[in-house]
Amino acid sequence: MSRAVFGVRVERREDLPLLKGQGSYTDDLKLAGMLHTAVLRSPHARARIRSIDVSAARALPGVAAVFTHAELGVSGKEIPLLQPNPALVPRTQLLLAKDEVRYAGEPVALVVADDRYTAEDAMDLIRVEYEPLPVVSDVLAAIEDGTPLVYPEIANNLASCFTLGFGDIEAAFATSDVVLKQRFKAHRGGGHAMECRAVLAEYDRRANRITMWSATQAPHLVARLASQMLGMGEWQIRVIAPPDVGGGFGPKAIFYPEEGLIPFAARVLGRPVKWTEDRREHFLATNQERDQYHDAEIALSRDGRILGFRDTVTFDTGAYVPWGIIEPWITATTIPGPYKLPAFQVNMRVVYTNKVPVTPVRGAGRPQAVFAMERMMDLAARELRLDPAEIRRRNLIQPEEMPYKMGLVYRDGAAVTYDSGDYPACLRKAQQMVGYEAFREEQSRMRQEGRYIGVGIGLYVEGTGLGPYEGAIIKIDSSGKVLLTTGATPQGQGHATTMAQIAAHELGVDVDDVTVITGDTGAIPFGIGTFASRIAVNAGNSVLMAAREVREKALAIAASLLEADKDDLEMANGVVFVRGVPNKSISLGNLAVTAAGARPGYTLPPGVQPGLQATHYFSPSQAAYSSGAHVVTVEVDVRTGDVKILDYAVAHDCGRVINPMIVDGQVQGGVAHGIGNCFYEELVYDDNGQLLTSSFMDYLLPTAKEVPTAKIAHVEVVCPLNPLGVKGVGEGGTIPCAAAFGGAVEDALAPFGVTVTEVPLSPEKVRKLLRQAGR
């Protein structure tokens with residue numbers, strides 16, 4: 001493949017319409033006769049529904065219908081579990097609550113009206129008699145005997161308990177020189193995309209088909225589950241994710257009750273129906289993440305070699321488990337990171353509580369795992385009087401040890417085998433970018449002046465590019481232009497640009513001559529979705545392989561027409577020509593006409609099928625493991641607790657880089673997300689399961705003022721598992737961020753003996769740490 005475009009900073013084609021205010025979002029769509037909706041949600045975290053009176057709401061002028069669970073019929077069943085596991089006692093949600101609500105924000109009724117205002121007014125007229133029940137809010141208390149049960153039949157609220165590990169963990173601790181123990185807490189947060197969730201559905205009564213537009217990350221998933229909930233065939237439901245989705249970050253990669261309710265209402269009423277989530281609903285009802293406790297232990301030799309690592313994780317999964325135990329499994333298998341561990345054990349407890357369900361948010365269980373491991377590495381360095389970088393260096397897996405079998409099983413059932421990477425190089429590069437050694441000298445001088453600066457390190461390894469597959473269809477028509485269709489569904493990642501780059505390289509056309517269609521189940525029959533840093537590996541290689549097949553077709557047909565050997569042909573600038581004889585050529589447009597059978601008297605070469613097109617689905621054999629090192633420097637004001645970011649460096653390996661500008665953007669965006677998690681964002685629930693931080697007045701997000709421009713270096717180690725040699729990159733900017741900042745703040749406050757065990761590190765919490773240390 002030519003590198004004329006691959007690896008080049010091609011400008012994102014997605015940006016110009018957005019900059020000109022011409023973006024097209026789900027809420028922008030308007031259909032004739034369209035109705036609007038409002039969802040009545042439970043004000044209680046747990047309560048029995050005694051009765052629902054909707055008569056006044058139905059009588060309000062402009063109201064088309066009011067639905068409760070009683071009206072759902074065959075759609076009144078539980079949403080199917082996405083990932084069954086024998087270690088799980090699963091409970092999933094109804095489209096509308098029936099007898100009991102289990103979190104504040106759970107849907108109870110749907111109002112459909114001429115406009116949103118009328119729907120909201122009607123919603124206020126619905127009278128629900130609730131009988132409040134004991135609430136389970138604290139995840140640690142939830143597993144104690146005598147605590148109320150979210151589900152009476154599930155003892156100690158345990159959705160799942162499992163243990164993963166390798167080596168002789170007891171012997172490792174028994175023979176070690178040093179053992180350290182510490183509890184860490186990862187707080188609950190959300191994705192908080194710029195665009196909240198939205199669904200529009202239209203029912204075609206004659207064809208008995210439904211078309212849905214959804215601000216989703218996974219249209220094929222939505223189509224499949226909608227068909228099951230509505231009792232229809234998958235072929236009867238088309239789901240389109242509009243070309244612009246204002247962010248996803250994980251929470252939109254799931255099927256929600258509204259994605260069943262809205263098409264249900266459209267079919268019943270025979271009119272288009274739209275629902276757009278408002279920001280308060282997003283806080284109350286969109287899935288959340290990060291809520292974990294880690295009771296970690298590390299065993300070491302006197303020279304700083306890790307002998308064993310043991311962790312008991314308590315995972316708050318909320319009221320339901322739509323994704324099963326995917327997230328806790330990812331956490332468990334991510335903890336070892338880039339280190340050689342002779343022995344490892346994690347005991348996972350997945351716990352039901354009366355909170356919003358937990359599904360992946362950017363990082364998907366990994367930031368918590370990395371926080372626990374990296375914070376323990378810092379504590380070990382402090383105990384052994386080693387530099388934090390040095391103790392890491394002594395324990396890193398080396399490049400020549402790849403592929404490295406960790407001894408665990410990943411979420412896809414495959415062995416955790418690191419395929420490639422250079423972890424020492426990433427650490428060295430990140431240290432160089434912040435001037436690590438010089439910073440240490442500056443730190444000593446500034447402490448003498450009463451100023452406290454610190455440096456923190458976060459290393460990670462991330463399983464990316466998981467299957468089962470993603471597909472691509474490539475077609476060249478009589479214009480010579482390329483149409484590329486993929487199941488990938490972007491929410492700002494730049495898929496239309498990067499996929500076009502791959503196709504343009506292989507087909508010898510200008511990148512602007514490649515049109516990309518994404519996120520439409522009517523355009524490509526199978527797809528999985530955009531999440532888990534999987535698109536470059538899965539969709540990218542599907543595009544490559546489909547383009548290669550089209551290229552071979554074009555060369556075979558051109559060889560017969562030009563009376564030349566196929567090996568003597570080249571393809572460039574939309575033309576196939578004989579090498580050294582550029583005038584002896586034929587355009588791709590003419591080849592497409594010929595391949596379609598429109599050239600009189602011409603017969604396609606043996607084995608060549610009609611049409612200059614191809615379909616390919618790429619299925620990876622296992623995860624592709626990307627990695628990186630984040631090194632951050634900060635200054636802490638010990639009077640106010642404020643943390644100022646001085647410098648931030650990222651050295652990462654995502655294999656071959658398709659578009660450095662887009663990759664830089666993904667990393668920078670991930671860092672911004674990580675900074676939010678580390679300093680600003682926290683979903684706080686009280687003992688009654690009520691969310692106390694339910695607006696951006698209380699739940700803070702970082703702005704451009706708080707987020708520095710990261711120094712980014714690409715350490716390209718080609719992945720051997722796929723033809724492109726790529727690995728995922730979308731989450732790596734977030735995963736080690738909290739760990740790095742935790743180490744930096746602790747390092748800055750080392751003279752006071754402060755230990756950072758949780759985030760967010762708000763000024764109030766930093767001051768609390770200092771008070772506890774006697775400052």
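**Cores, sheets and cysteines in a predicted model**

Biologist: Which residues have the most contacts inside the largest nonpolar core?

Modeller: Tyr418 and Phe741 do, in a core of 178 residues. Keep in mind that this is a predicted model.

Biologist: And which helix gives the largest share of that core?

Modeller: Helix H10, residues 366-384, with 11 residues.

Biologist: What does Phe741 touch, leaving aside its neighbours within four places in sequence?

Modeller: Phe741 is in contact with Val632, Val634, Ile645, Tyr648, Ile675, Cys678, Phe679 and Leu761.

Biologist: What's in the second core?

Modeller: The second core is separate and has 52 residues, among them Ala503, Val511, Val514 and Ala539.

Biologist: OK, sheets now. What's the strand order in the open sheet of four strands?

Modeller: It goes E18-E26-E27-E28, with mixed pairing. The edges are strand E18 (452-464) and strand E28 (711-714); each has a single partner strand, so one side of each has no neighbour in the sheet. From one strand to the next, the twist averages 15°.

Biologist: How do E27 and E28 pair, parallel or antiparallel?

Modeller: Parallel, over four bridges, with E27 covering residues 643-653. One pair you can look up is His652, whose bridge partner in E28 is His714.

Biologist: Which strands does helix H13 touch?

Modeller: H13, residues 436-448, packs on the sheet and touches E18, E26 (624-636) and E27. Its direction makes about 145° with that of E18.

Biologist: And where does helix H17 lie?

Modeller: H17 (residues 660-679) lies across E26, E27 and E28, and runs at about 135° to E27.

Biologist: Changing topic: how many disulfides does the structure hold?

Modeller: Zero. Take Cys719: the nearest cysteine sulfur belongs to Cys654 and is 11 Å away. Cys719 is also buried, with a relative accessible area of 2%.

Biologist: What about Cys737, why no bond to Cys678?

Modeller: The Cys678 sulfur is the closest cysteine sulfur to that of Cys737, but at 6.2 Å the gap is too far for a bond. The cut-off for a disulfide is 2.5 Å between the sulfurs. Cys737 is buried too, with a relative accessible area of 0%.

Biologist: Where is Leu749 found?

Modeller: Leu749 sits in the loop between helix H18 (737-748) and strand E29 (758-759).

Biologist: Is Leu749 buried or exposed?

Modeller: Buried, because its relative accessible area is 0%, against a cut-off of under 20%. Not counting residues up to four places away in sequence, Leu749 touches Val636, Val638, Val754, Val766 and Leu770.

Biologist: How many residues apart in sequence are Leu749 and Thr314?

Modeller: They are 435 residues apart in sequence, and 29 Å apart in space, C-alpha to C-alpha.

Biologist: Last topic, strand E13. How many of its nine residues are buried?

Modeller: Eight, so by the cut-off of under 20% relative accessible area the strand, residues 292-300, is mostly covered.

Biologist: How many bridges join E8 to E13?

Modeller: Nine, and E8 (residues 178-186) runs antiparallel to E13. Val178 has Leu300 of E13 as its bridge partner.

Biologist: And in which sense do E13 and E14 pair?

Modeller: Antiparallel, over nine bridges, with E14 spanning residues 306-318. There, the bridge partner of Ile298 is Phe309 in E14.

Biologist: Which residue in the hairpin of E13 and E14 takes a positive phi?

Modeller: Gly304, near 90°. That hairpin has five residues between the strands.

Note on methods
Residues numbered from 1 in each chain as written. Predicted model: local features only at pLDDT ≥ 70, side-chain atom pairs only at ≥ 80, totals over all residues. Heavy atoms only, no water. Buried < 20%, exposed > 50% of the residue type's maximum accessible area, 1.4 Å probe, protein only. Helix = DSSP H or I, 4+ residues; strand = E, 2+ residues; numbered from the N terminus. Pairing = 2+ DSSP bridges. Axes fitted to C-alpha atoms, helices over the stretch in contact; angles between N-to-C directions. Contact = heavy atoms within 4.5 Å. Core = buried A, V, L, I, M, F, W, Y, C linked by side-chain atoms within 4.5 Å.
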